[in-house]
Amino acid sequence: DAWLVDPNDQRRLEPQPTATQTEAERALSAAWRVHATGVWGDLSIEERSATLGHVAAELECVESQMAEADALNTGVSVALTRLIAGSLKGAFASGERSTGRETRMEGTFGRIDCSRRPWG
C-alpha cells in the first residue's frame, strides 16, 4: 500500500489509492462510454450549472485538508497551497455563475449575442 508521508519525519499521513493498469484502463473505458452517451452534453444549462455548484461546494469542504496535504507532500508553503486549493473551488463556482448568461452588445458591424455555455 502506498502512503502520503510527512517528508520531515516520515510519519504516515494518508493512504494513497493506487490502481493497476487494468483498473486504470477500465476506468478510462467507462469514462469514454459516459462521454459517448452524451450524459453531460444532454443536460440543460441549468442542470450543468447546478452540478458545477455542487462540485464547488464539495471542494470547499476539503479545501483546507487538500492544502495541508499538498504542502506536506511538496514542501511548498501552506499559504501557497491554500491559494491553489481555493482556486479549484473558485473555478467550478465561476462556471456555475456564468452558465446560461446571455449578453447583447452593439459591435462595429451590428449586434453581438454572447451566450456562456457550461464547460464540457
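**Exercise 1. Helix H1 and its end**

Task: State which residue follows H1 and what sign its phi has, then check the length of helix H1 against its expected span.

Solution. Step 1: In this predicted model, the residue that follows H1 is glycine 38. Its phi is positive, near 80 degrees.
Step 2: Helix H1 covers residues 21-37, which makes 17 residues. The expected span is 1.5 Å times one less than the number of residues, so H1 should span 24 Å.
Step 3: The end C-alpha atoms of H1 are 24 Å apart, which agrees with the expected span.

**Exercise 2. The order of elements**

Task: Give the number of helices and strands in the protein chain, and write their order from the N terminus on.

Solution. Step 1: The secondary structure comes to 3 helices and 4 strands.
Step 2: From the N terminus on, the elements run β-β-α-α-α-β-β.

**Exercise 3. The hairpin of E1 and E2**

Task: Describe how strands E1 and E2 run and how many bridges join them, then find the residue with a positive phi in this hairpin.

Solution. Step 1: Strand E1 holds residues 2-5 and strand E2 holds residues 12-16. The two run antiparallel and are joined by 4 bridges.
Step 2: Within this pairing, valine 5 stands opposite arginine 12 in E2.
Step 3: The hairpin has 6 residues between the strands. Glutamine 10 is found in this loop, and its phi is positive, at about 65 degrees, although glutamine 10 is not a glycine.
Step 4: The relative accessibility of glutamine 10 is 53%. Exposed means over 50%, so glutamine 10 counts as exposed.

**Exercise 4. Salt bridges in the loop**

Task: Which residues are linked with Asp6 in a network of salt bridges? Classify each member by its relative accessibility, taking under 20% as buried and over 50% as exposed.

Solution. Step 1: Side chains of opposite charge can pair when their charged atoms come close. A salt bridge here needs a nitrogen of Lys or Arg within 4 Å of a carboxyl oxygen of Asp or Glu.
Step 2: Aspartate 6 meets this rule with arginine 11, as the closest N and O atoms are 3.1 Å apart.
Step 3: Arginine 11 also forms a salt bridge with aspartate 9, at 3.4 Å from N to O. Asp6, Asp9 and Arg11 are thereby linked in a network.
Step 4: Aspartate 6, in the loop between E1 and E2, has a relative accessible area of 5% and is therefore buried. Arginine 11, at 45%, is partly exposed. Aspartate 9 is also at 45% and counts as partly exposed.
Step 5: Leaving out residues up to four places away in sequence, aspartate 6 touches Arg11, Leu13 and Leu72.

**Exercise 5. A salt bridge between helices**

Task: Find the salt bridge partner of glutamate 63, and work out which parts of the chain the pair ties together.

Solution. Step 1: The partner is lysine 89, with the closest N and O atoms 3.1 Å apart.
Step 2: Glutamate 63 lies in helix H2 (residues 45-74) and lysine 89 in helix H3, so the pair ties together parts that are 26 residues apart in sequence.
Step 3: Lysine 89 has 21% relative accessibility and counts as partly exposed.
Step 4: Apart from neighbours within four places in sequence, glutamate 63 is in contact with Arg82, Ala85, Gly86 and Lys89.
Step 5: The salt bridges of the model come to 3 by this rule.

**Exercise 6. A nonpolar surface patch**

Task: Name the residues that form a nonpolar patch with Leu83, and decide whether leucine 83 is buried or exposed.

Solution. Step 1: Val76, Leu80 and Ile84 form the patch together with Leu83. The accessible area of the four is about 340 Å² together.
Step 2: Leucine 83 lies in helix H3, residues 78-98. Its relative accessibility is 61%, so leucine 83 counts as exposed.
Step 3: From leucine 83 to glutamate 63 the distance is 9.6 Å, C-alpha to C-alpha, with their places 20 residues apart in sequence counted as separation.

**Exercise 7. The chain as a whole**

Task: What share of the residues is buried, and what share of the accessible surface belongs to carbon and sulfur atoms?

Solution. Step 1: Of the 120 residues in the protein chain, 17% are buried.
Step 2: The accessible surface comes to about 9000 Å², and 55% of this belongs to carbon and sulfur atoms.
Step 3: Among contacts with a separation of 6 or more, 38% are between residues 24 or more positions apart.

How values were computed: Residues numbered from 1 in each chain as written. Predicted model: local features only at pLDDT ≥ 70, side-chain atom pairs only at ≥ 80, totals over all residues. Heavy atoms only, no water. Patch = residues over 30% accessible without salt bridge, like charges linked within 9 Å, V, L, I, M, F, W, Y side chains within 5 Å. Areas by Shrake-Rupley, 256 points an atom, 1.4 Å probe, with all protein chains shown as cover. Salt bridge = Lys/Arg side-chain N within 4 Å of Asp/Glu carboxyl O. Buried < 20%, exposed > 50% of the residue type's maximum accessible area, 1.4 Å probe, protein only. Pairing = 2+ DSSP bridges. Contact = heavy atoms within 4.5 Å.
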